[in-house]
Amino acid sequence: MKLTSCKMAAASTANFFTTSTAPCNSKPYMVSKSKSFGLRFNSPNYLRSFSGLKAATSVNCESESSFLGKESTAALRDSFAPKAVKQNRDTVTRFQPRASFKVAILGAAGGIGQPLALLIKMSPLVSTLHLYDIANVRGVTADLSHCNTPSQVLDFTGTAELPNSLKGVDVVVIPAGVPRKPGMTRDDLFNINANIVKDLVEAVADTCPDAFIHIISNPVNLTVPIAAEVLKQKGVYDPKKLFGVTTPDVVRANTFVAQKKNLKLIDVDVPVVGGHAGITILPLLSKIKPSVSLTDEEVEELTVRIQNAGTEVVDAKAGAGSATLSMAYAATRFMESSLRALDGDSDVYECSYVQSELTELPFFSSRVKLGKNGVEAVIPSDLQGLTEYEAKALEALKPELKASIEKGVAFANKQPVAA
């Protein structure tokens with residue numbers, strides 16, 4: 001049996017249309033709704049994982065793109081217990097995922113915010129999506145509200161409505177800020193984006209201090225320490241719930257390695273550690289799964305490309321913006337992982353820039369285990385048994401990352417925090 005079409009119904013229902021023999025690209029046969037049958041999850045998590053770009057289960061589609069890769073595919077497959085009911089040769093399977101989490105996107109009308117909102121709205125784990133920006137968010141909300149997926153979308157415009165956008169929220173995603181332009185470094189964005197992040201995190205601290213906070217706004221190496229200091233000053237800092245989203249580096253590394261070595265992308269997993277700018281981005285190519293052989297030249301070439309991937313997009317867009325679509329995709333992957341963890345999945349791992357004792361630096365990106373309360377564990381094994389090239393690169397990135405962290409902390413501590 002192969003999946004032939006997947007649609008999300010307006011009445012908070014996802015419908016998978018299947019036939020017994022048709023290939024994935026063939027036209028599905030459909031029967032009336034009165035002849036459909038119900039499907040209940042046998043997993044306590046109902047839907048442990050979801051990818052809006054892929055539906056791969058025991059009802060198989062031949063796509064190989066995924067937010068979460070091989071582990072997600074297995075988790076998704078294990079989440080269903082489909083029961084086929086034969087009606088002549090046509091079969092319709094209907095399931096209802098439990099949408100129970102509220103998500104807020106701060107900066108939802110921007111270049112990252114809009115595609116991010118679309119992708120998150122596709123998640124059956126999201127019941128309500130709050131979109132906040134200083135302008136132009138009402139149109140984005142109206143547009144998204146026409147998509148027949150379960151989550152309700154609400155708009156909030158301007159600082160007066162910021163607190164309401166955060167009420168009862170489980171996860172806050174912050175892509176707000178100005179994008180990079182050709183010739184700009186992430187540090188060039190600092191003076192503008194630092195104040196934006198500071199103000200938004202203050203509102204989070206006042207309204208939903210227990211929420212997971214995903215920081216996308218660049219420079220992440222500095223904005224995460226700023227957020228931490230703001231939360232400390234507000235007396236609500238929980239280091240387990242503050243994340244710098246470095247997933248773009250992971251998905252880029254996976255993509256570039258798969259292309260270079262002609263591998264199935266769904267099988268590739270490259271841990272990326274350090275930070276999220278230039279040489280602080282360190283892909284551990286000796287830790288690739290599945291194991292592959294790379295020459296010294298290939299390691300150098302891939303490492304430099306991964307480190308400069310954001311600049312590659314900025315230059316290609318020639319002044320028309322920075323990386324937005326790949327950022328939104330990667331941020332959605334991290335969002336889905338967080339929601340799976342909140343939903344009780346005990347096997348969720350992602351790389352993220354978090355408070356860490358893995359090195360002497362107070363913040364460091366590495367693989368972490370996610371749980372209902374945030375970071376359950378920082379995984380040290382990736383930093384063990386490094387190659388000489390990786391060990392030297394790790395030491396080389398530390399001074400730059402340390403300076404960025406200190407700059408962020410200093411900025412936050414000299415700025416007055418709103419009462």
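Two strands count as paired here if DSSP finds at least two bridges between them. In this predicted model, strand 13 (residues 348-355) clears that bar, with eight bridges joining it to strand 14 in an antiparallel arrangement. Within this pairing, glutamate 350 sits opposite valine 368 of strand 14.

Strand 14 also pairs with strand 15 (residues 374-378), again antiparallel, this time through four bridges. Here lysine 369 faces alanine 377 of strand 15. Getting from strand 14 to strand 15 takes just a hairpin of two residues. As for exposure, eight of the nine residues of strand 14 (residues 363-371) are buried, so the strand is largely enclosed by the rest of the structure.

Then there is helix 11 (residues 388-414). Its 27 residues, at 1.5 Å apiece, should span 39 Å, and the end C-alpha atoms turn out to be 40 Å apart, so the two values agree. The helix does have a kink, though: about 30° at lysine 398, shortly before proline 399.

Lysine 398 is also one of the buried residues of helix 11, a list that includes Glu390, Ala393, Leu394, Leu397, Leu401, Ser404, Ile405, Gly408, Phe411 and Ala412. On the spacing of such positions, an α-helix has 3.6 residues a turn, so residues three or four places apart point the same way. What covers the buried residues of helix 11 includes two helices, helix 5 (190-207) and helix 6 (220-234), along with strand 11 (272-274) and strand 12 (281-283). Strand 13 and strand 14 contribute to that cover too, which ties the helix back to the strands described above.

Terms used. Residues numbered from 1 in each chain as written. Predicted model: local features only at pLDDT ≥ 70, side-chain atom pairs only at ≥ 80, totals over all residues. Heavy atoms only, no water. Buried < 20%, exposed > 50% of the residue type's maximum accessible area, 1.4 Å probe, protein only. Expected span 1.5 Å × (residues − 1). Bend = angle between axes of the 7 residues up to and from the residue. Contact = heavy atoms within 4.5 Å.
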